[in-house]
Amino acid sequence: MVTAQAPVDVIALGESMVTFLPARPGRLADVPSFDRGIGGAESNVVCALAAAGHTTRWVSRVGADGFGDHLVETIARYGVDTSAVGRDPHRPTGIYFRTADDRDTDAHEVVYYRAGSAASAMAPGSVDEDALADGRILHLSGITPALSADCLALVRHLCAWRADRGPLVSFDVNHRPGLWKDDAAADPSVLLDLARGADLVFVGEDEAAAAWDITGGSDAIRAALPEPDTLVVKQGSRGATVHRHGEDPVFQAALRVDVVAPVGAGDAFAAGFLSATLRGLPAAHRLRHGHLMAAAALTVPGDLAPPPARAHADRLAALDDAAWETLRLGPGWTERVPEDTEAEEEVRTP
């Protein structure tokens, strides 16, 4: 007798690349050596969720090369199912180099070598749709449709799943201007159409302004995106607002964090929100778990950080507003603390 397996909690589709990080600060031209890591918005999300105790799967394509081996092996070590990752014998695995500086500063440099990559050849029919459908949540981002016309067609297809689709579709707009400007026919406004087909959407106020010329705050973005059941508008250092059908908008302030490296926070926020969504927590707690996961990423050097223990995060998320607003999180805050420790004593306050 065959027993049906429970669906995976979260499945993510998207490109992951090998990333080379400078061994010391400075311009890429001046750095003599680099440390190897991995980078990919969608794989970051499922790695963080797996570390938090959820079952996850990453669906993608990589080259039949050593960098592809490294990506698959590294992501699998987080506990992510990589069995649906295809290997392309004709196209390479993407790589990129970046400096350690904040992406929003003039000193930040990033150089991608992803044109013609294995992942950019993903298209409808080239990936295992059964592996994508067998989950509670399917997570996509606006990076994938910018890679190629075939990738855009694939994401359109997945966002168009309707009554017959199994998972809730989560879409992080993740607008990257550099990916769109190289193709004169490309238009980031397509991200608005894709988002309209999703059930849950993450978008920053800055992204909505840059990609769609929408200003006026979260209410204006909601007016342009009425279709998704849940819309999460990220408002930078102020916090985030969630809009849900039939409910009043809910805002939660961001945490004050001693930042070590300003990368990976957006993916971590999505992971925290999705984790709380899977657990059926209230909207305010979903936002707070997003902020806590983002704080974990901001207080380590790389994109991925060990998440706080669930009980630890739950205690912090349950603080009253005054206590929440006095939290200041620094490196090492995610380490497990004794069960009888009061939440207010677990972090440094001003």
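Let me start with Asp150, which is found in helix α4, the helix made of residues 149–159. Before going further I should say that what we are looking at is a predicted model, and everything I describe this morning belongs to that model. Is Asp150 buried, exposed or partly exposed? Its relative accessibility is 42%, and because buried means under 20% and exposed means over 50%, Asp150 counts as partly exposed. If we leave out residues up to four places away in sequence, Asp150 touches Met122, Ala123 and Pro124. There is also a distance that you can check on the screen: Asp150 and Ser126 are separated by 24 residues in sequence, and their C-alpha atoms lie 9.8 Å apart in space.

Now let me step back to the whole chain. It has 350 residues, and buried residues make up 55% of them, while the secondary structure consists of twelve helices and 16 strands. If we take the contacts between residues at least 6 apart in sequence, 68% of them join residues that are at least 24 apart. The accessible surface comes to about 15,200 Å², and 50% of that surface belongs to carbon and sulfur atoms.

Next, one of the sheets. Four strands form an open sheet, in the order β3-β2-β7-β8, and their pairing is mixed. Which strands stand at the edges? They are β3, residues 34–39, and β8, residues 110–113, and since each has a single partner strand, one side of each is left without a neighbour in the sheet. Going from one strand to the next, the twist averages 20 degrees. Within this sheet, β7 and β8 pair in the antiparallel sense over four bridges, and if you look along that pair you will find Ile95 standing opposite Tyr113 in β8. Helix α2, residues 66–77, lies across β2, β3 and β7, and it runs at about 65 degrees to β3.

Staying with β7, which covers residues 95–98, let us look at Arg98, which has its place in that strand. Arg98 counts as buried, because its relative accessibility is 5%. Not counting residues up to four places away in sequence, the residues that Arg98 touches include Thr19, Phe20, Leu21 and Pro22, and also His108, Glu109, Val110 and Asp303.

Ser16 is another residue to look at with care, and its place is in the loop between β1, residues 8–13, and β2, residues 17–22. Although it sits in a loop, Ser16 counts as buried, because its relative accessibility is 3%. What does its side chain reach at 3.2 Å? The answer is the backbone oxygen of Gly39, and in addition a polar contact of 3.1 Å joins the side chains of Ser16 and Ser43. Setting aside neighbours within four places in sequence, the residues in contact with Ser16 are Gly39, Gly40, Ser43, Trp58, Leu71 and Ile75.

Let me finish with helix α10, residues 283–298, where we can make a small check of the geometry. At 1.5 Å a residue, its 16 residues should span 22 Å, and the C-alpha atoms at its ends are 23 Å apart, so the expected and the modelled values agree. In general, an α-helix has 3.6 residues a turn, so residues three or four places apart point the same way. As for its surroundings, α10 is mostly covered, with 14 of its 16 residues buried.

Terms used. Residues are numbered from 1 along each chain as its sequence is written. This is a predicted model: local features need pLDDT of at least 70, side-chain atom pairs count only at pLDDT 80 or more; totals for chains, interfaces and linings use all residues. Side-chain values use heavy atoms; hydrogens and water are left out. Helices (H or I, at least four residues) and strands (E, at least two) are DSSP runs, numbered from the N terminus. Buried means under 20% relative accessible area, exposed over 50%, partly exposed in between (1.4 Å probe, protein chains only). A polar contact is a pair of N or O atoms within 3.5 Å; within protein, one must be able to donate a hydrogen and the other to accept it, and residues adjacent in sequence count only if both atoms are side-chain atoms. Contact means heavy atoms within 4.5 Å. The expected span of a helix is 1.5 Å times one less than its number of residues. Two strands pair if DSSP finds at least two bridges between them. Axes are lines fitted to C-alpha atoms, for helices over the stretch in contact, and angles run from 0 to 180 degrees between N-to-C directions. Accessible areas come from the Shrake-Rupley method with a 1.4 Å probe; for residues, only the protein chains shown count as cover.
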